Amino acid sequence: MRFVSLLSITPLAVSSVVAFAPKASVLFDTDVSARASIGLLRVGAPAVTLGSSEMSDVPQPIDRRPHEQRVSGPRKARRLNHPFQHLQRHSDPWWDDNNWDDTVAVSSKVHDFYVDVLSGNSSMSDDHALSNQLLNSTFAQQPIDVRTSLLAMQYLHMHGGYTLEEIRGMSAKFPPLLEMDVLRHFRPKMRFLKECLGGATSDQLLNQQLRDALPPNFFGTRLERTIAPRHAFLVHIGLPSGKQLWDGTYETRRGSLLDDFLVMHRKPKQFASMCNNWRRQYGSMKLAGNLPIKPEQVIAFDKLFQRGILSAARDDSSYIHPDETGVNGKNIPGSPSLLKTANVTSAQLVRYLIQHGANPWETDVRGASLFHWASGCGNLDGLQALVEECDKLGSRLPSRGIANSTSPSTPGVHAALLWKASRDDAVPLHWAAAGAGPKEFGIGGHMSICNYLLSLCTGYSIVPERKLINSQTRDGNTILMWSAWSRSADIVKLLVRNRADTTKSNRNGCTVAHWAASGGDLSVCQYLHEMANVNFNVENSARNTPLSHSVAYGRYDVAKWLKEDLKVDDEGGNVEVLALDFVHWAEMGVGLINEEEEEERRGVYSLFNSFNDWKSEEMGEEEV
C-alpha cells in the first residue's frame, strides 16, 4: 500500500498538523515536502539514522518548503512595530542631511572653536588627545565621548544654520544640548521644524525667525510621544499650526504661539485648556458647535497617534480598545472606542502620521508593506489616504518592492498595485483577496478593496488588469487561489469574470481546485467547477487530489460533493486511510480538538467507509 503524505496535503507546519487545520491560520503553501510523512502517519515507527559516510551517498531531496520557510540561519530579532512608530528617522534623499552618520569628519572650524572656547584647554589641540577625552554627562551615569559634542555642534551649524557662538549660548542655557546623539535627537527634530512647522529656507537651514523663537530645550523634548501628536491634534481640530505658530500671524503675551505650545503641550489638561483658549481667540476651521475640548479627547488622540502608522493602516485600535457603548445592539453604558473619543478616523491618522514624518515605505518582518496591511484588513479609506499622501510626497520607491519603476510620478499608485512583499512576492491584491487581521490571515477577502485596486489599473496605465489579476507569488500561488482558500465567493466570481487564469498551478502542482477544497466553501467549489470548468480530479506533484485536501482539513461538505456528485475516485484507498488516521489521532487525544471537531472527523471518515459504500450500492440495485 502506498503511504499518503500528510505533509503534502495540508499547508500547516509539522508542529500544527495535529491541530486539524483551523479555519483561519497563517497562510502557507498547500503542498509541502513529502519527506518524513511515514513517521507522521505511522506513530511509533522506528527512526533510521545514517552516518556521515552514508549520508554523502544518499541523494538529497528537493527542498519543497515554501520560500518563506527557507532560512540559512536565525533571523535577526526585531521589535515588530517599533519602526512604524518612528517619526523623521528614515532615510529620505530629499534632505541634505540624509547621508549623515557618526563617521563624518569634524570640520577644523568646529574643532578649533571647541578647543579654544568651550574646552578652555589649548593642550587638547591635537586630534588624538581630543578623541581620548571623556566628558561628564549631565543626565547619564556614563561619561560621554567628546566626539558626541563635536558632532552635535557641527550638525547644528551645518544643517540648522546656528553660528558657533549661538550654539555656545544655547549650551549654557540647556547643558545637555551637546550630549545628544545627532541621528536620534537632532535630525528628527530638525526635520520636524523644517517640514511640519515650515521653517526650512531655500538652502534647507532653519529660518532665522524660527531660530530666535525656539528655546534650546526644544531639542530635549520627546518628539514622538508629545510634540508630534499634540501638533497633529492642532491640525486635526483646525487651530493655528505649522508656520502660524512662529511667523507672527498670531501674538500672545509670551511672544508667539510657539512659546505657549511648548509650555502647555506636556500635560493633557493644560493642553486642552490652551486649545479652548485658542479656539475662542482665533476660531477653528474644523470644529462646529460649542462643545469644549476635553483632556480625554487629547489622551485618546495621543494613544492612537503613538501606536504608529501600521496600526492606523490596519485600523486595529478596536482590537485593543473595543467600543463598549453598545452590546448586542443595546445602548449599555460603557467605554467608547478611542476613535470615537478622539473623534478621528484611521484614514485621518494615516495622513497626520505621514505629514509628521512617519515612513510610508516601512515594512514588517515578513516584508509586507502598509499597502498590504491596509488591503488585507479592508481599510479602504486608509488605503486611499496612503496612496494619496505618497503621491504627494513623490518619494523614491524602495527598489525591492517595485519592479521597473525607479522614480514614478505616482509612487502611491505604483506601490498599491505592484509592491511585492520581500518574503513571498505577494502583491496587495493577494492580501485583499484573502483578508487579514492583526494576528490572523485568510479570514475572507474585501470586495471594496479589490474593486478599488482594479479601478487604479483602469485609471493609470501602469499594469494591465489581467496581468495584475494573474499575479503569482514566488511559490506560484495566484490571487484566485488565495481567494478560493479564504472562502471569498464574491471575489472568486469577480476574478473569474475578469479573466483570471484557472489553469495555473503552483510550484508543487496545486491548482485552484486544491486551494478551494482546502478552504471548504462548497459554493466556491461548485462555481469553479460549473462556471469555470475547473478540474477537481487533478493530482499535484505529490499525487494528492482536491479530495485529499478536503479530507485533511475536515471539509465534510466538499468531500461529500467530490465523492458522491463528481465521483472522484480514491485510487488505492489512500484518502480513506488518511481519514481513518485522523479519527485515530482524535481518539488518542493527539491535538487540542473539541467534541464537535472530532464528530466532524468521524463524519468525513464515514464517507469512505467500505461497508457503507457496499450497503448503498446494494440498496441502489434493489431499487432498480
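These legends accompany several close-up views of one predicted model.

The model is a prediction in which local features need pLDDT of at least 70 and side-chain atom pairs count only at pLDDT 80 or more, whereas totals for chains, interfaces and linings use all residues. Residues are numbered from 1 along each chain as its sequence is written, and side-chain values use heavy atoms, with hydrogens and water left out.

**View 1. Confidence along the chain, with two segments where pLDDT stays under 50.** The chain has a mean pLDDT of 81 (pLDDT being the predictor's confidence in each residue, from 0 to 100), and 75% of its residues reach 70 or more. Over residues 121–125 pLDDT stays under 50, and the model has eight contacts beyond four places in sequence for that segment, where contact means heavy atoms within 4.5 Å. Residues 327–332 also stay under 50, with six contacts beyond four places in sequence. Where pLDDT is low, the predicted coordinates should not be read in detail.

**View 2. Serine 346 in helix α17.** Serine 346 belongs to helix α17, which covers residues 346–355; helices (H or I, at least four residues) are DSSP runs numbered from the N terminus. Serine 346 counts as buried because its relative accessibility is 7%, given that buried means under 20% relative accessible area, exposed over 50% and partly exposed in between (1.4 Å probe, protein chains only). Apart from neighbours within four places in sequence, serine 346 is in contact with Ala312, Asp315, Leu339 and Asn379.

**View 3. A salt bridge within helix α7, between arginine 168 and glutamate 165.** A salt bridge is a side-chain nitrogen of Lys or Arg within 4 Å of a carboxyl oxygen of Asp or Glu, and by this rule the count comes to 14. Here the N to O distance is 3.7 Å, and the two residues, three apart in helix α7 (residues 164–173), are separated by about one helical turn. Arginine 168 is partly exposed at 40% relative accessibility, and glutamate 165 is partly exposed at 46%.

**View 4. A salt-bridge network of Arg351, Glu388, Glu389 and Lys392.** Arginine 351 forms a salt bridge with glutamate 388, with the closest N and O atoms 2.5 Å apart. This pair links distant parts of the chain, since arginine 351 lies in helix α17 and glutamate 388 in helix α19 (residues 380–393), 37 residues apart. Arginine 351 is partly exposed at 24% relative accessible area, as is glutamate 388 at 38%. Glutamate 389 and lysine 392 meet in a salt bridge at 3.4 Å, N to O, and both lie in helix α19, three residues apart, about one turn of the helix. Glutamate 389 is buried at 5% relative accessible area, whereas lysine 392 is exposed at 61% relative accessibility.

**View 5. Tryptophan 373 and tryptophan 431 as an edge-to-face pair.** Rings of Phe, Tyr and Trp (its six-membered ring) pair if their centres lie within 6.5 Å, with planes under 30 degrees apart counted as stacked, over 60 as edge-to-face and the rest as tilted; by this rule the count comes to 19 aromatic pairs. The centres of the two tryptophan rings are 5.0 Å apart and their planes at 70 degrees, so the pair is edge-to-face. The pair links distant parts of the chain, with tryptophan 373 in helix α18 (residues 370–376) and tryptophan 431 in helix α21 (residues 428–434), 58 residues apart. Tryptophan 373 is buried at 10% relative accessibility, and tryptophan 431 is buried with a relative accessible area of 10%.
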